[in-house]
Amino acid sequence: MTPPYTVLDGIMREGRHIMSVRVYYEDTDFSGIVYHANYLRFMERGRTNHLRLLGTEHRALFQEAQRETPGFAFVVRSMRIDFLKPARMDDVLDIVTFAQEVKGASITLEQQISCGAELLVAAHVRVACVAGGRARPIPKALRAAMLANQQHALSAGEPKR
């Protein structure tokens, strides 16, 4: 039986994590469109649930990483975001996340936020693994899962809408 939380966490399809969120009043600004910083929150949830569906819950990841690399943390190293169209209250958004590149100490992810067939936001995110203020290798189990999923995503081509 599928654990009930997986419904909340989204799905994996062709190497891509897809998670839906509804836009609530609290997500919007005075004009009724999604406040730009809230897209960052939606994408953070997408990255977190992407890891979870790869079999790496944050708590377990940090416990394993602390044994391998004491002081381990993931940090967003860089992010490029294109805000293409606005989302509005009650819209249901799909947040798509997939690994573009997995290196020794960093992962480059592509993220897209769509409403139906409309692409609203596209982001290129580089996440680094650090400990003690310095880059450190990604924990082995996570690296293996990310590489396998990246190959699946790249072989699937462009995401299906």
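Begin by selecting strands β4 and β5, which a hairpin joins through three residues; strands here are DSSP runs of E with at least two residues, helices are runs of H or I with at least four residues, and both are numbered from the N terminus. What you have open is a predicted model, in which local features need pLDDT of at least 70 and side-chain atom pairs count only at pLDDT 80 or more, while totals for chains, interfaces and linings use all residues. Residues are numbered from 1 along each chain as its sequence is written, and side-chain values use heavy atoms, with hydrogens and water left out.

Staying with this hairpin, colour β4 (residues 92-102) and β5, which run antiparallel and are joined by eight bridges; two strands are taken to pair if DSSP finds at least two bridges between them. To see one such pairing, pick Ala 99, whose bridge partner in β5 is Leu 109.

Next, extend the selection to β6 (residues 118-131), which runs antiparallel to β5 and is joined to β5 by ten bridges. Here Ile 113 stands opposite Val 121 of β6. The hairpin formed by β5 and β6 has two residues between the strands, and Gly 116 in the turn has a positive phi of about 65 degrees.

Now show the surroundings of β5 (residues 106-115): nine of its ten residues are buried, so the strand is largely enclosed by the rest of the structure. Buried means under 20% relative accessible area, exposed means over 50%, and partly exposed lies in between, with a 1.4 Å probe and protein chains only.

Select two cysteines next: Cys 115 is partly exposed at a relative accessible area of 23%, whereas Cys 129 is buried at 0%. The structure holds zero disulfides, a disulfide being a pair of cysteine sulfur atoms within 2.5 Å.

Then move to helix α2 (residues 36-53), where Leu 40 is found, and note that Leu 40 is partly exposed, with a relative accessible area of 36%. Together with Val 76 and Met 79, Leu 40 forms a nonpolar surface patch with about 220 Å² of accessible area. Patch residues have over 30% relative accessible area and no salt bridge (a side-chain nitrogen of Lys or Arg within 4 Å of a carboxyl oxygen of Asp or Glu), with like charges joined within 9 Å and nonpolar side chains (Val, Leu, Ile, Met, Phe, Trp, Tyr) within 5 Å.

Finally, display the whole protein, which has four helices and seven strands, and in which 40% of the 161 residues count as buried.

Methods
Accessible areas come from the Shrake-Rupley method with a 1.4 Å probe; for residues, only the protein chains shown count as cover.
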